[in-house]
Amino acid sequence: MAQRSAMKPRLVLLLGIALVVVATALWHGPAGQAAARYTFETEELARRNLDYYEMPHITPFVEREPLTRRLWLAGEANDFQREELARILSGLPQVEDVQWIVPDGPRVVEGTPLLPLVIEVELAGLAAFGAGLLIAFFLFGRPRDPYRFEI
């Protein structure tokens, strides 16, 4: 009787998780340049909003090291302008938090801590992988041979 060499389900699951983590990290970084596209598009959209409100002396930039969904604004503005620009720009879909840089002060974040964007992408990829596993389980059910797919 010939023996079949099948991979254990745990090994397949771990291999799938590792593949998802590597693929999303490559997409976020060197292969897909998603981080660079996100940074460019977010800063460009913020710049267009600031130009619309006639605030060309305000400079928007995305927080890097690590890359997060926080937008920083630098420039001269009074308290009303600071509050309203923060409210308006935090309404952008890709921005979670807006902070101002105080020219002579420390760079202190007053909002909640944000996950780095690469972690958000990894978690989304793993959630999609888990959803795919659940869908496959409900569509195809559990295998009938308990010795072949023993966990």
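Is R87 buried or exposed at 51% relative accessibility? R87 counts as exposed, and we will meet its salt-bridge partner in one of the views below. Please keep in mind throughout that this is a predicted model.

**View 1. A salt bridge within helix α3 joins R87 and E84.** The two side chains come together with 2.8 Å from N to O. Both residues belong to helix α3, where a spacing of 3 residues amounts to about one turn of the helix. R87 is exposed at 51% relative accessibility, while E84, at 26%, is partly exposed. Helix α3 itself spans residues 79-89 and lies across β2 and β3, running at about 155° to β3.

**View 2. Three strands make up an open, mixed sheet.** Follow the strands in the order β1-β2-β3. The edges belong to β1 (59-62) and β3 (97-100); each has a single partner strand, so one side of each lacks a neighbour in the sheet. From one strand to the next, the twist averages 25°. Strand β2, residues 70-74, pairs with β3 in the parallel sense over 4 bridges. To find your way along this pairing, look for L71, whose bridge partner in β3 is V98. Helix α2 packs on the sheet and touches β1 and β2, its direction making about 155° with that of β1.

**View 3. T39 is a buried residue of helix α2.** The helix covers residues 34-52. With a relative accessible area of 9%, T39 falls under the 20% limit and is therefore buried. A polar atom of the T39 side chain lies 2.9 Å from the backbone oxygen of A35. Leaving aside residues up to four places away in sequence, T39 touches V62, R64 and L67.

**View 4. R64 and E43 form a salt bridge between distant parts of the chain.** Their closest N and O atoms are 3.0 Å apart. R64 sits in the loop between β1 and β2, whereas E43 is in helix α2, and 21 residues separate them. E43 counts as buried at 19% relative accessibility, but R64 is partly exposed at 42%. R64 also appears in the previous view, as one of the residues that T39 touches.

**View 5. R47 and D51 pair along helix α2.** Their side chains meet in a salt bridge of 3.3 Å, N to O. The two residues are 4 apart in the helix, which means a separation of about one helical turn. D51 is partly exposed, with a relative accessible area of 43%. Over the whole structure, a search finds 7 salt bridges.

**View 6. Two aromatic pairs are found in the structure.** In one of them, the ring centres of Y52 and Y53 are 5.0 Å apart and the planes stand at 85°, so the pair is edge-to-face. Y52 is exposed at 64% relative accessibility, and Y53 is partly exposed at 38%. The rings of F137 and F138 are also edge-to-face, because their planes meet at 65°, over the 60-degree limit, with centres 5.8 Å apart. Here F137 is partly exposed, with a relative accessible area of 42%, and F138 is exposed, with 67%.

**View 7. P113 lies in the loop between β3 and α4.** Helix α4 covers residues 117-140. P113 counts as exposed at 77% relative accessibility. In sequence, P113 and R70 are 43 residues apart; in space, their C-alpha atoms are 9.6 Å apart.

Definitions and conventions. Residues numbered from 1 in each chain as written. Predicted model: local features only at pLDDT ≥ 70, side-chain atom pairs only at ≥ 80, totals over all residues. Heavy atoms only, no water. Buried < 20%, exposed > 50% of the residue type's maximum accessible area, 1.4 Å probe, protein only. Polar contact = N/O pair within 3.5 Å; in protein donor to acceptor, adjacent residues only side chain to side chain. Contact = heavy atoms within 4.5 Å. Pairing = 2+ DSSP bridges. Axes fitted to C-alpha atoms, helices over the stretch in contact; angles between N-to-C directions. Phe/Tyr/Trp six-rings, centres within 6.5 Å; stacked < 30°, edge-to-face > 60°. Salt bridge = Lys/Arg side-chain N within 4 Å of Asp/Glu carboxyl O.
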